[in-house]
Amino acid sequence: MTTKIKIQFSIMMFLQFFVWGLWFITMGTYLKTSLLSSDTEVGLAYGTQALGAIIAPFFVGMIADKYFSAQKILGIIHLCCALLMFFHISRGVDFSHFYPWLLTYMVLYMPTLGLVNVIAMNKMENPEKEFANIRVWGTIGWIASGLFVAYLALEQNNNLKLTYELSALFSAILGGYSFVLPNTPPQGKGQKSSWRQMLGLDALSILKDKNFLVFFICSILICIPLAFYYQETNIFLNEIKIEKAAGKMSMGQMSEMLLLFAMPFFFRYFNIKKMLLIGMCAWVLRYVFFAYGNAESGMWMLYFGIILHGICYDFFFVTGQIYTDKKAPAALRSSAQGMITLATYGIGMLIGFAVAGNIAGSYQNADGTHAWNMIWLIPAGIALVIAVIFALLFKDKK
């Protein structure tokens, strides 16, 4: 892969996650302060990501693999997303208008996460070694989006509507840029495949392995505490008067990026089970820090809770992807990874966002504030129970 193509793909990855992070990080705060939405409605809004993740395999499997070049589909989708974001989502006057357009947007956007991977890896001779150096620019894009929102002080000025308008602008830029990316023709054009193959259902055979079944179920369940972080943290930080909360939250992605490069080192000393357990226990510790931290003497606990995101995510989800790749037969590896993604970011996160919204609503005070110490202890407890179950049932010592 030439230097020119590496730069093209790095820009693509950066923009892909920048346009998402611009509004997603602060959506809960926007809904609560600008549209006066309930906590349950906030959960529904974040749940559109999960619904998009569930529908995405249908779209990518049937369209991108068989009919059109991936970079052209990417361009068309982002141009459509830009129009939806600018003319409808950013102009929502209440939740009933905001939600259906957001759902439409996420059904379109989520397949692009797979499309950018397909486009990048199509030009790689050795994706195992080359892909991480390209994908890391997506994490940098997410970090940059949080810092950008913080720099403009959009949370303090109650001007989060601008995040949607800016996202529309950069989505349009990415849409146009996609058409000059290297061509990625459909690889399965003219080939017949069953619905079972396109949906990755053949990979269900791996669940016959008891250890993998335990991992699979725990992967779904751990998404419940994960959803609390994505959905409630920005609301929490702004409610307790933390300035430039979106910028501070970007430290979580910074730690994720650094730990991603350190993963080979940790695998020298810990097996799969220990790595997964460390990730689950980090969720417990993070939410205990959130429960007892504050904007004054306990600020250090909030920082540690945010920075723990690297361990929470990399040690469980990245390790889980590696474990899945090892357990799946070569012919089913792609389907197995798709199955895990569907189970976690689809089913697991859909359940998690609904649970988080209802829990937050249950602990909302009459003045609109929340009893955050009680709210955060619930996902901490859930993560602890999942970790104990996993430790007892998962017997892989390798």
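## Close-up views of a predicted model

**View 1. Gly-52 counts as buried, because its relative accessibility is 0%.** The structure shown in this view and in those that follow is a predicted model. Gly-52 sits in helix H3, which runs over residues 39–64. When its neighbours within four places in sequence are left aside, Gly-52 is in contact with Met-106, Val-107 and Met-110. The view also invites a look at Tyr-345, for although 293 residues separate Gly-52 from Tyr-345 along the sequence, their C-alpha atoms are 9.1 Å apart in space.

**View 2. Gln-16, a residue of helix H1 (residues 3–24), has its side chain in a polar contact with the side chain of His-78.** The distance for this contact between the two side chains is 3.0 Å. Gln-16 has a relative accessible area of 0%, and it is therefore classed as buried. Not counting residues up to four places away in sequence, Gln-16 touches seven residues that can be looked for in turn, namely Leu-74, His-78, Tyr-109, Thr-112, Leu-113, Val-116 and Leu-174. Two of these names, Leu-74 and His-78, return in the list of buried residues of H4.

**View 3. Leu-113 belongs to helix H5, which covers residues 95–122.** Its relative accessibility is 19%, and because the limit for a buried residue is under 20%, Leu-113 still counts as buried. Apart from neighbours within four places in sequence, Leu-113 is in contact with Gln-16, Phe-17 and Trp-20. Leu-237, by comparison, is 124 residues away from Leu-113 in sequence, and the C-alpha atoms of the pair lie 28 Å apart in space.

**View 4. Helix H4 takes in the 18 residues from 70 to 87, and its length agrees with what is expected of it.** At 1.5 Å a residue the helix should span 26 Å, and because the C-alpha atoms at its two ends are 26 Å apart, the expected value and the one found in the model agree. Which residues of H4 are buried? They are Ala-70, Gln-71, Ile-73, Leu-74, Gly-75, Ile-77, His-78, Cys-81, Ala-82, Leu-84 and Met-85.

**View 5. Thr-319 is placed in helix H13, residues 309–327.** Thr-319 counts as buried because its relative accessibility is 0%. Within this setting, the side chain of Thr-319 reaches the backbone oxygen of Phe-315 at a distance of 2.8 Å. If neighbours within four places in sequence are set aside, the residues in contact with Thr-319 are Met-263, Phe-267, Ile-272, Met-275, Leu-276 and Asp-314.

**View 6. The largest cavity holds about 70 Å³ of space.** Rolling a probe the size of a water molecule over the atoms shows where empty space is left. In this structure there are two cavities of 30 Å³ or more. The lining of the largest cavity is made by Phe-24, Ile-25, Trp-142, Tyr-229, Tyr-230, Met-249 and Gln-253. Helix H9 (210–239) and helix H10 (245–267) are the elements that give two or more residues to this lining. Sorted by class, the lining of the largest cavity has six nonpolar residues and one polar residue, with no charged residues.

**View 7. The second largest pocket contains about 350 Å³ of space.** Its lining has 17 residues, and those closest to the centre of the pocket are Thr-29, Thr-33, Ile-235, Asn-238 and Glu-239. At least two lining residues come from each of helix H2 (27–33) and H9. What classes of residue make up the lining of this second largest pocket? Three are nonpolar, nine are polar and five are charged.

**View 8. Ala-153 and Lys-244 are two residues with a positive phi.** Most residues other than glycine have a negative phi, and most peptide bonds are trans. Ala-153, although it is not a glycine, has a positive phi of about 55°. Ala-153 is located in the loop between helix H6 (127–151) and helix H7 (161–178), and because its relative accessibility is 17%, it counts as buried. Lys-244 has a phi near 50° and is found in the loop between H9 and H10. With a relative accessible area of 39%, Lys-244 is partly exposed.

Notes
Residues numbered from 1 in each chain as written. Predicted model: local features only at pLDDT ≥ 70, side-chain atom pairs only at ≥ 80, totals over all residues. Heavy atoms only, no water. 1 Å grid on protein atoms, 1.4 Å probe; cavity = no way out; pocket = protein on both sides within 12 Å on 5 of 7 lines; lining within 4 Å. Points joined across faces, edges and corners; volume = space filled by probe spheres on them. Helix = DSSP H or I, 4+ residues; strand = E, 2+ residues; numbered from the N terminus. Nonpolar A, V, L, I, M, F, W, Y, C, P; charged D, E, K, R; others polar. Expected span 1.5 Å × (residues − 1). Buried < 20%, exposed > 50% of the residue type's maximum accessible area, 1.4 Å probe, protein only. Contact = heavy atoms within 4.5 Å. Polar contact = N/O pair within 3.5 Å; in protein donor to acceptor, adjacent residues only side chain to side chain.
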